[in-house]
Amino acid sequence: MLEVEGLRKHFVTRKGFPKPRTVTVRAVEDVSFRIHEGEAFGLVGESGCGKSTAARALLRLIEPDAGRVTWRGEDVIAARGEHLKTLRRRMQIVFQDPYSSLDPRQSVGSALVEPMRVHGIAEGKEARRRAAALLEEVGLPPAALDRFPHEFSGGQRQRIGIARALTVEPELIVADEPVSALDVSVQAQVLLLLKELRQRRGLAFLFVSHDLSVIRWFCDRVAVMYLGRIVEEGPSSRVLADPMHPYARMLRDASPVPDPSRRAALPRILGEIPSAANPPPGCPFHPRCAQAMPACATTLPRWTSAPGEGQGGVACHLHG
Ligand code: SF4
């Protein structure tokens, strides 16, 4: 359904005082993955690892510097005008912060009707009828159509954001940390809603999160990102239970567990994530890796398949 190959995105900024210098931040470096029909694929990693940038670049909300993105065989990067509009309809995003993604001056009804009109799906009364049905589907009353975003709680606003993504009948939802800005008490409700929608509508998901427990619960397959690169990929059941990459293992061990008595024993993630403006040579994880060997400081590990059919792979000299 969606194929991403060698995606790259660098940002050039000026930093420093009194003599600012040009700095290149390597946010996304050679990222490749595939999402199959109806599949939930997770991108996981610490804050700043490039997962949200990769998601935005493949949707062309920001332009990638290099790489290929194909949707059912069609080139997304080369698409322009009406062709790009049609492709964008198939892939919709739900943002982390539902408040900033909704226009405070626009009623909920108008926010839902507008995409239908732009994409030629429905207008007037029919668009309003569809918008009311979508609100009900995400657990809000149709009366919400005439209200404004500030009248709703964070969880309700995220439901509105989800309804808006559904207005154009997408096949893939890119969910970018969709519950991390919400109170813990409502996170589970919104996650359950997303899972119900996935099952009812047969939607595929690219689910971006720093939270392994959410990825474990929601996703069929997962890619672990570190400093802009995918370091391990495979079925969630394998990668999150028995990770091969030392960083994926560290993330797994630092992930909250349901049993509170075990939480105190959780190891902390060692060290700080290095700057993407100055990534270490060789394996980008080597300054934090307890298993690093001399080659790790000089040579970028190549991608190696995990044992067994469809078990994904890993980029680590321990498995090369
Ligand atoms: Fe650690 Fe070396 Fe593997 Fe990198 S390549 S994760 S430094 S063992």
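Which residues have the most contacts inside the largest nonpolar core? In this predicted model, they are Leu135, Ile162, Leu166, Ile173, Phe205, Phe207 and Val224, and the core to which they belong has 58 residues.

## The nonpolar cores

One member of that group, Phe207, can be followed further, since its surroundings are listed residue by residue. When residues up to four places away in sequence are not counted, phenylalanine 207 touches Phe41, Gly42, Leu43, Ala175, Pro178, Leu191, Leu194, Val214, Ile215, Phe218 and Cys219. Apart from the largest core there is a second, separate core of 33 residues, which includes Ala54, Ala57, Leu59 and Ala223.

As a general background to both cores, nonpolar side chains tend to be buried together in soluble globular proteins.

## Helix α1 and the residue after it

Helix α1 spans residues 51–59, and because 7 of these 9 residues are buried, the helix is largely enclosed by the rest of the structure. The buried residues are Lys51, Thr53, Ala54, Ala55, Ala57, Leu58 and Leu59, and among them Ala54, Ala57 and Leu59 also appear in the second core.

Just after α1 comes arginine 60, which takes a positive phi of about 65 degrees and is placed in the loop between α1 and β4. Arginine 60 is buried, because its relative accessible area is 7% and the cut-off for a buried residue is under 20%.

## Two residues in strands

Aspartate 30, in strand β2 (residues 21–35), also has a positive phi, of about 55 degrees, although it is not a glycine. This is worth pausing on, as most residues other than glycine have a negative phi. With a relative accessible area of 49%, aspartate 30 is partly exposed.

Threonine 70 belongs to strand β4, which covers residues 66–71, and is buried, with a relative accessible area of 8%. If its neighbours within four places in sequence are left aside, threonine 70 is in contact with Met1, Leu2, Glu3, Asp75 and Val76.

## Around the ligand

The ligand takes up a space that is the largest cavity. There are 13 residues around the ligand, and those that come nearest are Cys283, Cys289, Cys296, Cys316 and His317. Sorted by class, this shell holds 9 nonpolar and 4 polar residues, while no charged residues are found in it.

Key:
Residues numbered from 1 in each chain as written. Predicted model: local features only at pLDDT ≥ 70, side-chain atom pairs only at ≥ 80, totals over all residues. Heavy atoms only, no water. Core = buried A, V, L, I, M, F, W, Y, C linked by side-chain atoms within 4.5 Å. Buried < 20%, exposed > 50% of the residue type's maximum accessible area, 1.4 Å probe, protein only. Contact = heavy atoms within 4.5 Å. Near = heavy atom within 4 Å. 1 Å grid on protein atoms, 1.4 Å probe; cavity = no way out; pocket = protein on both sides within 12 Å on 5 of 7 lines; lining within 4 Å. Sits in = over half its atoms within 2 Å of the grid points. Nonpolar A, V, L, I, M, F, W, Y, C, P; charged D, E, K, R; others polar. Helix = DSSP H or I, 4+ residues; strand = E, 2+ residues; numbered from the N terminus.
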